[in-house]
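The following report describes a single protein chain for readers who work at the bench. Please consult the sequence and the coordinates alongside the text.

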Amino acid sequence: MLNNILQWTGAVFIIAGHLLNAAGIDGWNILAFTLGTVAFMGWAIRVANKPQTLVNVVALTTCLVGLYRAFG
């Protein structure tokens, strides 16, 4: 159950990030991507999917840099 919640939460926030990106709403798009990445990373850790965990670590690092630039 928790795995499904994490995956769907991640999907919703990643989709929101893309929509905000397309609308040119900078800052908030990065926040949405960050929340989606955190949810997907939680799922990847739970199911021991190492390649996906690595992708999420890199994505989260990128998101944190983007958040600092947008709101820092």
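Ile5 has a relative accessibility of 44% and therefore counts as partly exposed; on this scale, buried means under 20% relative accessible area, exposed means over 50%, and partly exposed lies in between, with a 1.4 Å probe and protein chains only. The model is a predicted one, in which local features need pLDDT of at least 70 and side-chain atom pairs count only at pLDDT 80 or more, while totals for chains, interfaces and linings use all residues. Residues are numbered from 1 along each chain as its sequence is written, and side-chain values use heavy atoms, with hydrogens and water left out.

**Confidence and overall form**

The predictor's confidence in each residue is given as pLDDT, from 0 to 100. The chain has a mean pLDDT of 97, and 100% of its residues reach 70 or more. Within the chain, confidence is highest in H1, at 98, and lowest in H3, at a mean of 96.

The chain contains three helices and zero strands, and its elements follow the order α-α-α from the N terminus. The radius of gyration of the chain is 12 Å, close to the 11 Å that the globule rule gives for 72 residues, so the chain is as compact as a globular protein of that length. This radius is taken over C-alpha atoms, and the globule rule is 2.2 Å times the number of residues to the power 0.38. Helices (H or I, at least four residues) and strands (E, at least two) are DSSP runs, numbered from the N terminus.

Along its principal axes, the C-alpha trace spans about 35 × 20 × 15 Å. Of the 72 residues, 28% count as buried. The chain exposes about 4,800 Å², of which carbon and sulfur atoms supply 71%; accessible areas come from the Shrake-Rupley method with a 1.4 Å probe, and for residues only the protein chains shown count as cover. Among the contacts in the chain with a separation of 6 or more, 50% are between residues 24 or more positions apart, where contact means heavy atoms within 4.5 Å.

**The surface near the N terminus**

Ile5 is placed in helix H1, which covers residues 2–22. Together with Met1 and Leu2, Ile5 forms a nonpolar patch on the surface, with about 340 Å² of accessible area in total. Patches consist of residues with over 30% relative accessible area and no salt bridge, like charges being joined within 9 Å and nonpolar side chains (Val, Leu, Ile, Met, Phe, Trp, Tyr) within 5 Å. A salt bridge is a side-chain nitrogen of Lys or Arg within 4 Å of a carboxyl oxygen of Asp or Glu.

**Selected helix residues**

The table sets out five residues with their elements and accessibilities.

| Residue | Element | Relative accessibility | Class |
|---|---|---|---|
| Leu20 | helix H1 | 24% | partly exposed |
| Asn29 | helix H2 | 4% | buried |
| Ile45 | helix H2 | 55% | exposed |
| Asn56 | helix H3 | 5% | buried |
| Ala70 | helix H3 | 39% | partly exposed |

For Asn29, the contacts beyond four places in sequence are Gly17, Leu20 and Asn21. Leu20 in turn touches Ile25, Trp28, Asn29 and Ala32, again not counting residues up to four places away. The C-alpha atom of Leu20 is separated by 20 Å from that of Thr61, 41 residues apart along the chain.

Asn56 is in contact with Thr37, Phe40, Met41 and Ala44, leaving aside its neighbours within four places in sequence. Between Asn56 and Ile45 the distance is 10.0 Å, C-alpha to C-alpha, and the two are 11 residues apart in sequence.

Ala70 touches Gly27 and Ile30 when residues up to four places away in sequence are not counted. The C-alpha atoms of Ala70 and Ala32 are 13 Å apart, and 38 residues separate the two along the chain.

**The loop between H2 and H3**

Helix H2 (28–46) and helix H3 (50–71) are joined by a loop in which Ala48 has its place. Ala48 has a phi near 60 degrees, a positive value in a residue other than glycine. With 58% relative accessibility, Ala48 counts as exposed.
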